[in-house]
Amino acid sequence: MPSLSVLASFLVLGLALGGVFAMSGVGLVVLYEATGVLNLAYGAIGALGALVSWSLLDRTGIPEPVAYLVCLALGGAATLAYGVVFGPWLAARTPLVKATASLGFLLILLGTMQWVWGRNAHSITLPTSRWNYQIGSVRVSWTQIIGFTFPILVTAGMAVFLRVTKVGTAMRALANDREITATLGVPVRRVEAAAWLGSGLVCGAAGLLLSNLVGLDMATLTFLVIPALAAALVGQLRSLWVTLAAGLVIGVIQSCLTAFSSLAEYRTLTPFVLAIVVLLWFARRPQLVGLK
Amino acid sequence: MRGNLGTARLRSALGLAALAVGLAVLVAACGGGGGTTAAPETTAPETTAPETTAPETTAPETVPTETVAAGGMIQQPGICGDPSTQGQPATGEPIKIGAMATKVPGIDFTWITKMTGAYFDCVNENGGIHGRPIEYIAEEEQIDPQQIAALATKLIEQDQVLGIAGSTSIIECSVNKDYYAKMNFYPIIAGVSLDCFRSPNFSAVNMGPYYSDLGAAQALVRMGAKGTIVVVSPNQPGYDAIQAGVVEFAEQNGLKGKALLEDVPFSDPAGLAQRLVQEAGPGGGVILDMTGPTVVPLLQAIEQQGLVDAVLWGASTPPNDPSVAQALSSAWNGKFNINAEFNVLDSTAPDQVLANAIDAKYVPDVPISAFQQMGFLAGKAATEALLRIEGDITVESVNAAFKALTNVTSDIWCKPWYYDSTVGANVSNNTDLTVAPLDGNMVQKEDCFDIAVLPDNFLGEIRAKESELGLNVGG
């Protein structure tokens, strides 16, 4: 049984990692609500942004903040471009078809990244990772603090945005019925474009943070969409706050299991187990969650 | 209406959950459970457990040796091919040499065959083999025993290659060892599975992950590791056999040995860093048996959590890679002890300079790496054997020449290389060095040392024969 100080270390790591899973999950939920698309290429877009930032820092010597802004901007631009080009074509298809199409986008991005960046080691160290605090036996970096707090701010911001702004209200209307919303004169394409862009910006931020918390590896970052997806599914692709909580829980459980030798090798199953348990619970208890 | 919407949403969620499972399968296919499309594992798994029974004590003597010239190296350092025919393109009937290499998502050994082929291209531009060019036929395989057996048959019986050089495969040694013995072929390879090092019909220019991990453990013990030495490898079949040497060596030195398998790429390197330190305990040692791109995120997580000095850190050969040194901060200067089967890659010694020049000219897509060195050495050894042939160049004379190779020198090896130890277990490259990052470069930290003799690893018998037969005393 690991000591409390050891578990505290894993708790800090889990909150930071879970926070970024949660933020990605929130980005997925907002996009799904507005467009009906579950963007499985989310992690790959973040990885692409982070690798472009790395290239800019390594080869051009531009200031660090500019390179990081490029990561965010690229996340937004790539997501927006996909949404604008393919969104209208896929608008009438089922969510499963839309998600599968994004899987194709994932594979294209992954192949492109392998072609351009090959298999060499790459790394980005945010300035915030160099600033650490020792709290008892636990070492906490500013990147970890940001990884935990920024997603909460993003979730709160999204919730307010959806509730009080015209575009947010239009997004919620789209989630209920796209055709009726369109007949009411809402500029559907523009509202969807806003959702794609916002989701992409969050994706870029997540890619940047994960490149520090997990590492700048294209495959790792690409497939970290899985815990984010699990968090979004626990939130039933609807609730931002449940998604946030689920992401944090996944991160903490996964991290704390590392401390137990006998369970450590199963820790990556955490998102699947949690998502499956919650979905089965919803299926057996629809009346408790207002689904009947 | 709301209820219908909710039920539909739940159905969608369940459908998408199924898609997520599909995505997970894709992750696994791409190497999520042991390897990655982005980060192929250069320390490929050994597919068989270490032999505990003694191997054949002598290799079959069924090939003639009377057509092979004795003496020192024909090729000179920094030059490919015969020094007397430099600059003269080879003409005439090609000499066919074959090879096969594994290429699947997550594992790509074709860099080695590409580099061997590039070496032969260089030889062909500089006189070839007594004026004749080498035609190199390199096949790709996908870890399918039937395919691998068929490719060997194709190369030998259909393409009628005269020898095999540069082959590197996860399972080829296990699949084809009997066929090569039957056909009297003696391939020069880069070895992966233990069968590559325990069969008389193969000799590898490298030492493979089992011996390299062991070398890393030796370095950590010399540096004062105490308590426990942990070795962590990709969670792939066969790695438990690779790790066995480290555990055995640790126990032999009064320490505990612990072997861990970990899914790669890492989903939470910071958590793994904490776990490794916890398992090793204060002052312990940890050996990372992973590729460079895989270990870099872990090393950064270790640094960010202030764990660089918590234990001694080591690794097998693959992270001996300039891109790893460039990715690490000065906090790692001299503190990441990598067992290097070959010289540092930015060495200015003649053969490494030649390897880099050949790489740049013929195969610029192959990075400067341990794989590049393996391909270069396989090409150099095969060319040396071919140049030593006096008389007809046939299957018999080529394989006799391969098998008779002794005292092949290169600044990329610690000691001269030879083919046959005559004990039935060929680990000709059994001496290597330790390198470490220093301000963005990989630099030599320890001079060449012998990989430790363990009861099951045959190095005792092999070294006795080396001494008795003068197998690697040239230079």
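**Domains, a sheet and helix packing in chains A and B**

Let me begin with chain B, which is divided into domain 1, covering 83-207 + 345-429, and domain 2, covering 210-340. I should say at once that what we are looking at is a predicted model. The C-alpha centres of domain 1 and domain 2 of chain B lie 31 Å apart, and where the two meet, 8 residues of domain 1 are in contact with 9 residues of domain 2. On the domain 1 side of chain B, the residues that touch domain 2 divide into 6 nonpolar, 1 polar and 1 charged.

Let me turn to the sheet in chain B. This is an open sheet of 7 strands with mixed pairing, and if you follow the strands across, the order reads β8-β7-β9-β10-β11-β12-β13. Which strands stand at the edges? They are β8 (256-262) and β13 (441-450) of chain B, and because each has a single partner strand, one side of each is left without a neighbour in the sheet. Direction ignored, neighbouring strands of this sheet are turned by 25 degrees against each other on average.

Within that sheet, I would like to pick out one pairing, that of strand β11 of chain B, residues 336-340, with strand β12 of chain B, residues 431-438; these two run antiparallel and are joined by 3 bridges. To find the register on your screen, look for A340(B), whose bridge partner in β12(B) is L433(B).

A helix also belongs in this picture, namely α6 of chain B, residues 239-252, which lies across β7 (228-234), β8 and β9 (285-288) of chain B and runs at about 160 degrees to β8(B).

Staying with chain B, consider next a pair of helices, α2 (residues 110-124) and α10 (residues 350-362), which pack with their axes 9 Å apart and at an angle of about 95 degrees, so that α2(B) is roughly perpendicular to α10(B). From α2(B) the residues involved are M115(B), A118(B), Y119(B), D121(B) and C122(B), and they meet I358(B), D359(B) and Y362(B) in α10(B). The residues of this contact between α2(B) and α10(B) divide into 6 nonpolar, no polar and 2 charged.

Let me close with chain A, whose secondary structure comes to 13 helices and 2 strands. Its radius of gyration is 19 Å, close to the 19 Å that the globule rule gives for 292 residues, so chain A is as compact as a globular protein of that length. The C-alpha trace of chain A spans about 60 × 55 × 35 Å along its principal axes.

In chain A, the axes of helix α5, residues 142-164, and helix α6, residues 166-176, come within 5 Å and cross at roughly 85 degrees, and α5(A) and α6(A) are therefore roughly perpendicular to each other. The contact is made by F161(A), L162(A), R163(A) and V164(A) on the side of α5(A), and by G168(A), M171(A) and R172(A) on the side of α6(A). The residues of this contact of α5(A) with α6(A) divide into 4 nonpolar, 1 polar and 2 charged.

Definitions and conventions
Residues are numbered from 1 along each chain as its sequence is written. Chains are lettered from A and ligands numbered from 1 in the order in which they are written. This is a predicted model: local features need pLDDT of at least 70, side-chain atom pairs count only at pLDDT 80 or more; totals for chains, interfaces and linings use all residues. Two strands pair if DSSP finds at least two bridges between them. Helices (H or I, at least four residues) and strands (E, at least two) are DSSP runs, numbered from the N terminus. Axes are lines fitted to C-alpha atoms, for helices over the stretch in contact, and angles run from 0 to 180 degrees between N-to-C directions. Two residues are in contact if their C-beta atoms, placed from the backbone, lie within 7 Å. Angles under 35 degrees count as roughly parallel, over 145 as roughly antiparallel, 65 to 115 as roughly perpendicular and the rest as oblique. Ala, Val, Leu, Ile, Met, Phe, Trp, Tyr, Cys and Pro count as nonpolar, Asp, Glu, Lys and Arg as charged, and the others, Gly among them, as polar. Domain bounds come from an automatic or database domain assignment. The radius of gyration is taken over C-alpha atoms; the globule rule is 2.2 Å times the number of residues to the power 0.38.
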